[in-house]
Every structure is written in C-alpha cells, then in structure tokens.
Amino acid sequence: MPELPEVETIRRRLAPLVEGRTLRTLEVLDSKWCSPIAPSELSAALEGRVVERLSRRGKYLICEAEDEVYLLMHLRMTGTVLYDAPPGTLYVRVRLELDDGHVLSFCDPRRFGTGELALGRDALQAFLDERLGVEPLGPDFTTEHLYLQTRKRRMPIKALLLDQRRVAGVGNIYANEALFRARIHPLRRAGALKRGQVAALRDAVVASLQAGLGAGGASIDDFRHPDGVKGAFQDEFLVHSREGAPCTVCGTPVRKFVAAGRGTYACEACQTRPRAQRSP
Ligand SMILES: [Zn+2]
C-alpha cells in the first residue's frame, strides 16, 4: 500500500535522525523479512557501520551504510518504520538500534515487507535496474519517455502505470488519482493514447505524487510517519475510494470496478470508457 509519497515521507523524516549515526545492532525478529539471507548475515554486514545516507528509489527505502553496504527495505502492503516506537507496539519484525540509543522498528502486520542486501555500488545499481523504471519525480520522466513506453502496448494504461519497471513508485492510489486528473479511463489501451493524452498523464502523475507528498502521504490503514502520526492525503483524494460520491468536476457518481486486478475508481463521464470495454 505505501507508494512513492509514503516512502519518501518516511525517508525525509528519518534522514536527519539516522544519517551520520552508527548502527549499533540490527535484530531481525522474523527471518521471513530477509529470507533467503540469514538474519545473522544481515546483522554482521550492517552492525557497527555508519549510515551515510538514507535514500529512496521507487518504493524502496535504502539505508546506505559505509563501505558500500546497502540495506534495501520494502514496506509492501502494511509495513511502516517507527522511530522510538511506544512500548507494546505490535508486529515489530526488525529493530535497528542507533549509537545514540534511538531505535527504528520495522512494523508489519501482514509480513509482506522485505529487507535485502546489496554489497557494492554496482550490485545496488544492478538490483535497482532490474526492478525499476524511471523515477516519476526525476528529470527522466518526460512525456516523450512515457509516450515511448506506451507504444504498441495493448495493456490497459493503468496496468502500465502500476508496472514498476516502467514508472517506479506509482501504486493503486496514485494511478487512480493521476488517470482521473488526466481524464483518461483506466481501461484504455496504453498504445491507443494520443501524444497529448500522454502529456496530460505525465503531468497528472507528477501532480498526484506531489499532492501526496505535500500531505505527508495517505494513511488508509497501516501507514504511519516515523513518529506514529498519520498522513493526510486520504482526505484529499479526488477519486480514489470515493465510490458513489459525486465527481469533483462534473458531479456524476464515482464508479468502482476492477482494472489491472486492483480496485479502481473513475468518473465515467470525465473519463470515457473505451468502446470495447463498455458494459451492455
Ligand atoms: Zn466527472
């Protein structure tokens, strides 16, 4: 569930608290988190090293430790990283203690979150290149780039947006929001979009992610900031999770249906359904 704005919110809040600190201990309480790497191997690689930088790529939060040791954390469905979690916090799967006594806790009720290790800058780059396309808030996410990604693709445009190897960091919420802003139906074939529509979509992806970042991410269920506070973007959704509510542009009730295997929300007056997909 956490997408680019949620992970980036965590990164921005944690970076000043962890950068420059030494990882005193890394305790993996649930070995599934880093499988197939043994928890002891992960601890040995990271303990005693200075965290030089906390970075992000797509939905990965990357702890860059000295000597090019990288811990890549993925929150998946329900993961969150708390700074000095209150006593009694449930579902703690990993504890990282810093040399100043503060503790990061990776909490994750559904246990889909992961921790992976990359040794060396080249290994990190290879790991990321294999899994992720361009960063949508970076300079490479141009209309031309997105247009080329869509050509000859029969998949629905929403499926393309969700494919991390094409656009890194966009998930269900921001795909729904961006398609609504661009007035493009989620089931429209990617390859059938005109250049002008792709330009509108590129801008809408950026605008949706920026809005999410500005609100500190969306907390629909488990996502929290490192201090336990919820994000506020769920109060600003234009279309996501607004089934039956009036479209903010034209007043038509928002519809919910499945696209790309995910719960999808759209105003079918503003976002015209492609003909082949029209319901009888
Ligand atoms: Zn509408």
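Start by selecting residues 255-259 and 262-266 of this predicted model. These are strands S9 and S10, and they pair in the antiparallel sense over 5 bridges. Within the pair, pick Val-258: Gly-263 in S10 stands opposite. Now go to the turn of the hairpin, where 2 residues lie between the strands. Which residue there takes a positive phi? Ala-260 does, with a value near 55°.

Next, move to the sheet. Select S2, S3, S4 and S8. They form an open sheet of 4 strands in the order S2-S3-S4-S8, and the pairing is antiparallel. Why do S2 and S8 each have one side without a neighbour in the sheet? Strand S2 (51-57) and strand S8 (114-119) stand at the edges, so each has a single partner strand. Look along the sheet for its twist: neighbouring strands are turned by 20° against each other on average, direction ignored.

Zoom in on S3 and S4. Residues 60-65 make up S3 and residues 69-74 make up S4; the two pair in the antiparallel sense over 6 bridges. Click Tyr-60, then find its bridge partner in S4, His-74.

Now add the helices. Select residues 4-18 for helix H1, which packs on the sheet and touches S2 and S3. The direction of H1 makes about 175° with that of S2. Then select residues 121-131 for helix H3. This helix also packs on the sheet, touching S2, S4 and S8. Against S8, the direction of H3 makes about 135°.

Last, show side chains on the strands. In a regular strand they alternate between the two faces of the sheet.

Conventions. Residues are numbered from 1 along each chain as its sequence is written. This is a predicted model: local features need pLDDT of at least 70, side-chain atom pairs count only at pLDDT 80 or more; totals for chains, interfaces and linings use all residues. Two strands pair if DSSP finds at least two bridges between them. Axes are lines fitted to C-alpha atoms, for helices over the stretch in contact, and angles run from 0 to 180 degrees between N-to-C directions. Two residues are in contact if their C-beta atoms, placed from the backbone, lie within 7 Å.
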